[in-house]
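Student: I would like a close look at one part of this model, the segment that follows the last helix named here. Please take it contact by contact, then show me what lies around it.

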Amino acid sequence: MAQTGDILIIGGGVIGTSIAFALASRHVGRVLLLEKSFLGAGSSGKSGAIIRQHYSNRLTALMAQKSLRVFEHFNDAVGGPPVFTPTGMVLVVPEKDRAGLDANLAMHRELGIDEQIISSEELAEIDPNARLGEGELAVFEAEAGYVDAVQVVASFADAARREGADIRQGVEVKRMLTEGNRVTGVETNEGRYEAGHVVLATGPWAAQLARELGLTLPVQACRTQVALFRRPVDFGRRGMIYGDFAQGIYFKPTQGELLHAGSLAGEELQDPVDPDNYNEAADGSWLPQIRQRVSRRYPTMHRGYGRGGYGALYGITPDWHPILDRLPGMEGASCAVGFSGHGFKLSPVVGELMAESIVDGAAGTLDIAPLRFARFAENDMVKSGYAYGVMG
């Protein structure tokens, strides 16, 4: 006998749990979330979970700004312990990108985002370990920080449960069920679930399930890598987050005395993978390259202690921006997929926007038309002011 719900969400990462919380808070009937493994087992649990507002598009900057306000007071807005660690963020840009940078900063000023270009002397005051090279510009975003990725997912899920949502782990969706052009539920390892509306929030697994409906979701599962280093004992105070375009990397402080680093160069697209079978270790040849690039910005890190690293997953779209929309040609189904490394930054507002879209028929908080599914066929993709997709 099939189990039933009013709205069924597939995927228990930060996006799925945020949507579950937003929907359950509106008391729109029985909200079910199915996760094939455990909460945060995919991309979310391995995320660096950097929270910043620096985007080159007005919509994503607004989404990040609204999400930051939630993270700053997450224990009040969602529940659970505080999750946000404010650090500030330094963006390092080659002089050749000055025009794009100036345009972004002008847009950010209109939105009330606190950013300013700083000199090498000012950078040394803010972060004594950092060095700025010739032909490089630094921008300081004062409000940036990072969150505890695992705790955020757990708190969203707990909040959804308090509002009446039913969250089930170890339930793998094999395919979505249809009657005519309507999605009516899902087939799982535990049998059938029927629902009035199904939400696909499966990250790098999105294309697989959509393919069963005859849909080509332009979301490629790709492997990304993270390097971990222990800071030297004389490093001093904890550093900030860096989006270092000049070196093609990002890095941030993390638990204890560790530094978490990865690439901004977009090479993930050259490493498409099966999300159920990929190398979860960092490449031995890649780790020294990242150490060298980190050390150019933080010379002290030449004496940093390698702590290995790991492989993780991105679900990447052709323009590195998510798809927030109804599934085309199908009634009763929506998707929030293809976040391309941006998921955590945007997750609180994505939950709100998807709840509005599903319950009210359209998102009201922001106009999310630029993130529609059809933009790819229409050749109207989201354009970035930078040549670095993961920064948006």
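Tutor: Start with a term. A polar contact is a pair of N or O atoms within 3.5 Å, and within protein one of them must be able to donate a hydrogen and the other to accept it. Keep in mind that this model is predicted.

Now take Asp 380. This residue lies in the segment after α9. Its side chain makes a polar contact with the side chain of Arg 372, at 2.8 Å. Setting aside neighbours within four places in sequence, Asp 380 is in contact with Arg 372 and Arg 375. Is Asp 380 buried, partly exposed or exposed? Its relative accessibility is 38%, so Asp 380 counts as partly exposed. For scale, look across to Ile 126. The C-alpha atoms of Asp 380 and Ile 126 are 40 Å apart, and 254 residues separate the two along the chain.

Follow Arg 375 next. Its side chain is joined to that of Asp 319 by a polar contact of 2.8 Å. Arg 375 is thus a contact of Asp 380 and a polar partner of Asp 319. Where is Asp 319? Asp 319 is found in the loop between β17, residues 305–316, and β18, residues 323–326. The Asp 319 side chain has a backbone partner as well: it reaches the backbone nitrogen of Val 382 at 2.8 Å. Beyond four places in sequence, Asp 319 is in contact with Arg 375, Phe 376, Met 381 and Val 382. The cut-off for buried is under 20% relative accessible area. Asp 319 has 8%, so this residue is buried. Compare the label for Asp 380, which is partly exposed.

Stay in that loop for one more residue. Trp 320 is found between β17 and β18. What is the sign of phi at Trp 320? It is positive, near 60 degrees, in a residue other than glycine. Most residues other than glycine have a negative phi. Trp 320 counts as buried because its relative accessibility is 8%. Ala 49 gives a second case. Its phi is near 55 degrees, again positive in a residue other than glycine. Ala 49 lies in the loop between β2 and β3. With a relative accessible area of 3%, Ala 49 is buried.

Now step back to α9. This helix covers residues 343–360, and it is one of the elements that each supply at least two residues of the largest nonpolar core. That core has 56 residues. Which members touch the most others? They are Ile 9, Ile 19, Met 63, Val 147, Val 152, Leu 324 and Val 350. Other elements supplying at least two residues include β1, α1 and α6. Apart from this core lies another, of 28 residues, among them Leu 327 and Phe 373.

Met 63 is worth tracing. Not counting residues up to four places away, Met 63 touches Leu 324, Lys 345, Leu 346, Val 349, Val 350, Leu 353, Leu 366 and Leu 371. Leu 324 and Val 350 are thus contacts of Met 63.

How does α9 sit against α6? Their axes come within 12 Å and cross at roughly 15 degrees. That makes the two helices roughly parallel. The crossing is left-handed. From α6 come Ala 149, Val 152, Val 153 and Phe 156; from α9 come Phe 344, Ser 347 and Pro 348.

Set a second helix pair beside this one. α2 and α4 pack at an angle of about 45 degrees, with axes 11 Å apart. They are therefore oblique to each other. Their crossing is right-handed. On the α2 side, Arg 58, Ala 61, Leu 62 and Gln 65 make the contact, and on the α4 side Met 107, His 108, Glu 110 and Leu 111 do so.

To recap the segment you asked about: Asp 380 pairs with Arg 372. Arg 375 pairs with Asp 319. The side chain of Asp 319 reaches the backbone nitrogen of Val 382.

Note on methods
Residues numbered from 1 in each chain as written. Predicted model: local features only at pLDDT ≥ 70, side-chain atom pairs only at ≥ 80, totals over all residues. Heavy atoms only, no water. Core = buried A, V, L, I, M, F, W, Y, C linked by side-chain atoms within 4.5 Å. Buried < 20%, exposed > 50% of the residue type's maximum accessible area, 1.4 Å probe, protein only. Helix = DSSP H or I, 4+ residues; strand = E, 2+ residues; numbered from the N terminus. Contact = heavy atoms within 4.5 Å. Axes fitted to C-alpha atoms, helices over the stretch in contact; angles between N-to-C directions. Parallel < 35°, antiparallel > 145°, perpendicular 65-115°, else oblique. Left-handed = near helix turned anticlockwise from the far one by under 90°.
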